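Trainee: I have a new model open and would like to work through it with you. Could we take it step by step?

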Amino acid sequence: MKDIYEKAGLFYLGKDVDKTTQEPTNLLTLLKSKNFTTHAAIIGMTGSGKTGLGIGLIEEAAIDNIPAIIIDPKGDMGNLLLCDPSFDAKSFEPWIASEASSKNENVHDYAKKTALMWEDGIKKWGQDRDRVQKFYDVKKSIYTPGSLSGLPINIISSLGMPSLEILSDSDSYASYIKSTATSILSLVGIDSNGIDSKEYILIAQLLNNAWLNHQEVSLASLISQVIEPPFDSIGILPLESFYPKNDRFALATKFNSLLASPDFAMWLQGESLDIQKLLYDENGKAKVSIFAISHLNDNQRMFFVTLLLNQYLSWMRRQSGTTTLRALLYMDEIYGFFPPSKNPPSKEPMMLLLKQARAFGLGVVLSTQNPVDLDYKGLSNIGTWFIGRLQTSQDIQRVIDGLDSKVGSSYNKQEIKNLIANLKKRTFFLKSSHLDDIRLFSTRWVLSYLKGPLSKQEISTLMASQKSAISSLKTQQTIPTDNYETYQDIDSSILQYFEPNISHTQTYIPTICAKVNVHFENQRKAIDELIEVSYMLELSKDTRIISWEDSIELKDDFSLYPTTKPQKARYQTLPSLVQKDKALKHASKELKDYIYTTSRIILYKCKEVKLESKPFEDKNDFLVRVQDALSELKETQIEKLQSRYDKRFDILQDRHKRAMQRVQKEEQDSTDSMLEAGISILGALFGRTTSTKVGRAISKGSKVLKEKGDITRAKQRVNDIEVDIEELEYELEDKIEEINEKYDINNISLQEIKIKPKKSDIDINECAIVWRSSLVV
Ligand SMILES: Nc1ncnc2c1ncn2[C@@H]1O[C@H](COP(=O)(O)OP(=O)(O)OP(=O)(O)O)[C@@H](O)[C@H]1O
Ligand SMILES: [Mg+2]
């Protein structure tokens with residue numbers, strides 16, 4: 001049974017390094033994924049292997065179906081997409097082309113060499129193709145706010161309202177407003193620290209006013225509100241004396257030129273910043289979302305990072321509590337976003353995250369070259385430290401001071417100083433509140449090819465297929481081009497609306513639209529939901545029956561359209577069956593029947609975790625909750641195992657130690673041929689750095705002692721105990737396997753409960769012919 005760590009909620013980070021030789025041992029460095037809910041920091045000089053460690057961590061999470069959001073100020077994290085389980089040289093070609101040409105090498109040959117090297121590295125660290133495949137299968141996207149090279153992100157909708165949970169918590173809400181206002185101002189180059197800047201006070205008040213009235217705010221709507229705020233005093237001061245209109249106009253002009261700049265148009269395209277969608281794909285599976293921001297200027301970066309952190313906080317507050325790791329937020333190069341003495345807009349939400357995210361199972365991992373980049377108050381909330389090689393003795397001293405009370409027992413300060421100064425590349429000093437002592441380890445080979453920063457062009461190529469998938473979703477309507485009439489005599493009992501026509505040809509096609517209220521009620525399930533839906537059905541001259549099955553749900557409110565006929569427009573013919581349908585009574589009745597037979601609230605129920613979905617909760621969102629609950633159950637079960645096996649292992653280890661002492665007494669120099677016993681999985685589960693070790697590489701067979709003739713009894717005794725220990729570990733692995741099966745989401749079935757409306761609870765509020773502008777030339 002190999003790689004049991006995949007099933008026990010453990011991250012495989014690398015192998016422990018011997019502190020004297022600095023060489024990796026056979027002992028795997030495994031950390032419980034759960035430990036990351038108390039956050040981690042990675043510190044090390046350039047080239048020390050921070051990004052490699054971060055990428056490895058995200059790979060581990062992805063393989064365990066734990067999603068990640070990554071903020072990437074430098075551009076390296078897109079390397080997570082450079083992964084090919086077949087190690088085909090062809091796929092490596094575009095990744096190494098520039099390196100090959102800078103070395104004057106043939107691209108094809110160089111790709112071959114690189115692919116081989118990468119495959120070899122991965123194998124040497126005990127990872128097979130299945131593992132690479134598992135990671136490869138996780139959906140990964142690179143978003144480029146303010147640019148179309150990757151997937152664009154629409155920030156207009158994202159100034160959006162904080163969730164109700166944030167609104168109801170005064171501290172979180174104040175922080176949300178504060179950081180949104182400062183980051184908006186930073187976008188137009190105004191550095192406000194929130195104390196006495198009138199720009200800040202005005203913007204914050206505008207946001208507050210809108211959100212408390214449940215109104216969305218966009219940058220565009222802010223401009224007009226800056227000029228004409230919906231209030232006339234600020235605190236006790238009249239608005240005009242606090243911030244006269246002329247000055248407000250100057251501020252509005254700044255925003256206006258920002259909005260009008262062609263660059264800014266890029267900020268308004270693409271998906272909105274919806275955290276749930278960034279964390280889970282269409283099937284509710286974990287995904288990796290990378291925000292590449294290296295192309296932005298400092299103000300824009302600050303604005304975006306603050307916005308993202310705020311959205312994340314807002315989403316977080318809507319989650320239920322958990323003790324397992326639900327998602328990772330990783331930031332490569334924290335420099336400038338979380339400094340000790342200044343207060344940039346990103347700092348407050350980051351601090352809140354570090355303080356609160358744990359309860360929601362959200363781990364934050366921050367990476368930096370320099371320990372001075374991190375605010376010390378934030379540091380006290382970080383449970384796990386990865387320290388790589390540091391350059392100056394000042395940096396080393398700072399880190400050691402920071403760790404002071406936390407340094408483990410078996411190292412003294414001077415020793416740690418020397419260690420950190422002499423760490424090899426990819427070797428980290430690991431100190432965690434979840435471990436009983438310091439560990440040194442070398443990072444495992446990453447599954448993604450570490451190319452270094454990706455260019456805009458490279459991001460664009462990597463995202464090409466995801467981009468086209470998005471645009472093909474917006475399929476064009478096909479509309480016949482003939483048969484337009486200038487006038488139709490339509491019965492006055494039929495309500496008509498005219499969508500504002502933006503086509504050059506001023507042509508209209510008819511649709512029949514309806515607004516409906518449906519009341520779903522079920523006392524036993526405590527359901528009492530009133531929903532409003534609008535439907536639209538396209539019509540053509542030849543429509544013979546109104547089949548609402550072909551209708552689509554409408555987002556816009558057609559009843560806001562004008563009811564007067566535009567002068568010069570031309571119309572397609574309304575089918576005669578509609579012409580005859582006075583007040584569209586017949587069509588309304590058909591719609592009622594259609595809704596009665598098809599409209600359902602579907603509730604999902606999962607017995608194993610005793611969860612039921614909420615009305616209108618998306619099935620995948622529910623599955624994500626089920627998955628969270630399963631992980632939690634699994635973890636509890638594994639912890640139970642832990643306590644059961646802990647004692648048994650202790651006893652065996654104790655015996656082993658004594659038996660070894662016997663051998664040593666009898667035969668002074670035989671110790672190095674002895675196997676060291678101890679359990680890596682168990683050590684990891686127990687957060688123990690075992691003093692005695694058996695690498696998992698040692699198989700049972702290898703333990704049969706070869707030199708039969710000269711085995712002493714004592715040696716045999718040691719051997720027997722080692723076999724016992726191994727047996728026990730196998731037993732534990734079987735148990736973990738069983739638990740995994742039991743709590744595997746693929747082995748869980750969902751029950752569906754359908755709730756239908758009463759016919760009398762369906763009200764067709766409005767049914768009308770809506771003329772839609774046809775864009776066909
Ligand atoms: N886990 C790993 N597996 C394979 N190669 C690695 C790994 N970690 C680091 N490397 C190699 O070492 C190089 C430098 O490591 P990395 O980019 O992680 O350093 P860094 O600390 O992030 O540096 P910087 O501060 O400049 O970003 C990588 O480009 C890669 O070639
Ligand atoms: Mg790096």
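Mentor: Gladly! Let's start with a term: helices (H or I, at least four residues) and strands (E, at least two) are DSSP runs, numbered from the N terminus. Keep in mind too that this is a predicted model.

Trainee: With that in hand, in which loop is the place of S197?

Mentor: Two helices frame this residue: α6 covers 170–187 and α7 covers 198–212. S197 therefore has its place in the loop between α6 and α7.

Trainee: Is S197 buried or exposed?

Mentor: Buried means under 20% relative accessible area. S197 has a relative accessible area of 14%, so the residue is buried.

Trainee: Which backbone nitrogen does the side chain of S197 reach?

Mentor: There are two contacts to look at here. Side chain to side chain, S197 and E199 are joined by a polar contact of 3.3 Å. The backbone nitrogen that the S197 side chain reaches, at 2.9 Å, is that of Y200.

Trainee: On to the ligand. Which residues are the closest to ligand 1?

Mentor: The shell around ligand 1 holds 19 residues. By class, five are nonpolar, eight polar and six charged. Helix α1 (residues 50–63) gives the most to this shell, with three residues. The closest of the surrounding residues are T46, K50, T51, G52 and K74.

Trainee: How much of the area that ligand 1 exposes when taken alone does the protein bury?

Mentor: Let's go through some contacts before the area. An oxygen atom of ligand 1 is 2.5 Å from a polar side-chain atom of K74, and an oxygen atom of the ligand is 3.0 Å from a polar backbone atom of G49. A nitrogen atom of ligand 1 lies 3.3 Å from a polar backbone atom of V446. Taken alone, ligand 1 exposes 620 Å², and the share buried by the protein is 81%.

Trainee: How far apart should the ends of helix α20 be, at 1.5 Å a residue?

Mentor: Helix α20 has 14 residues, 585–598. The expected span is 1.5 Å times one less than the number of residues. The end C-alpha atoms of α20 are 20 Å apart, which agrees with the expected 20 Å.

Trainee: Within what arc do the buried residues of α20 fall?

Mentor: The buried residues in α20 are A587, S588, L591, Y594 and I595. They line one face of the helix, because seen down its axis they fall within an arc of 120 degrees. On the other side of α20, K585, K589 and T597 are exposed. So the arc that holds the buried residues is 120 degrees.

Trainee: How many of the 19 residues of α13 are buried?

Mentor: This helix runs over residues 298–316, and its end C-alpha atoms are 27 Å apart, in agreement with the expected 27 Å. At its start, a side-chain oxygen of N297 comes within 3.1 Å of the backbone nitrogen of N299. The helix is largely enclosed by the rest of the structure, because the number of buried residues is 16.

Trainee: What is the phi of H39, which is not a glycine?

Mentor: H39 sits in the loop between β2 (24–32) and β3 (40–43). With a relative accessible area of 1%, H39 is buried. Its phi is positive, at about 70 degrees.

Trainee: And is F616 buried, partly exposed or exposed?

Mentor: F616 lies in the loop between β23 (611–612) and α21 (619–666), and its phi is also positive, near 70 degrees. Its relative accessible area is 45%, so F616 is partly exposed.

Note on methods: Residues numbered from 1 in each chain as written. Chains lettered and ligands numbered in written order. Predicted model: local features only at pLDDT ≥ 70, side-chain atom pairs only at ≥ 80, totals over all residues. Heavy atoms only, no water. Near = heavy atom within 4 Å. Polar contact = N/O pair within 3.5 Å; in protein donor to acceptor, adjacent residues only side chain to side chain. Areas by Shrake-Rupley, 256 points an atom, 1.4 Å probe, with all protein chains shown as cover. Nonpolar A, V, L, I, M, F, W, Y, C, P; charged D, E, K, R; others polar. Buried < 20%, exposed > 50% of the residue type's maximum accessible area, 1.4 Å probe, protein only. Arc of directions from axis to C-beta.
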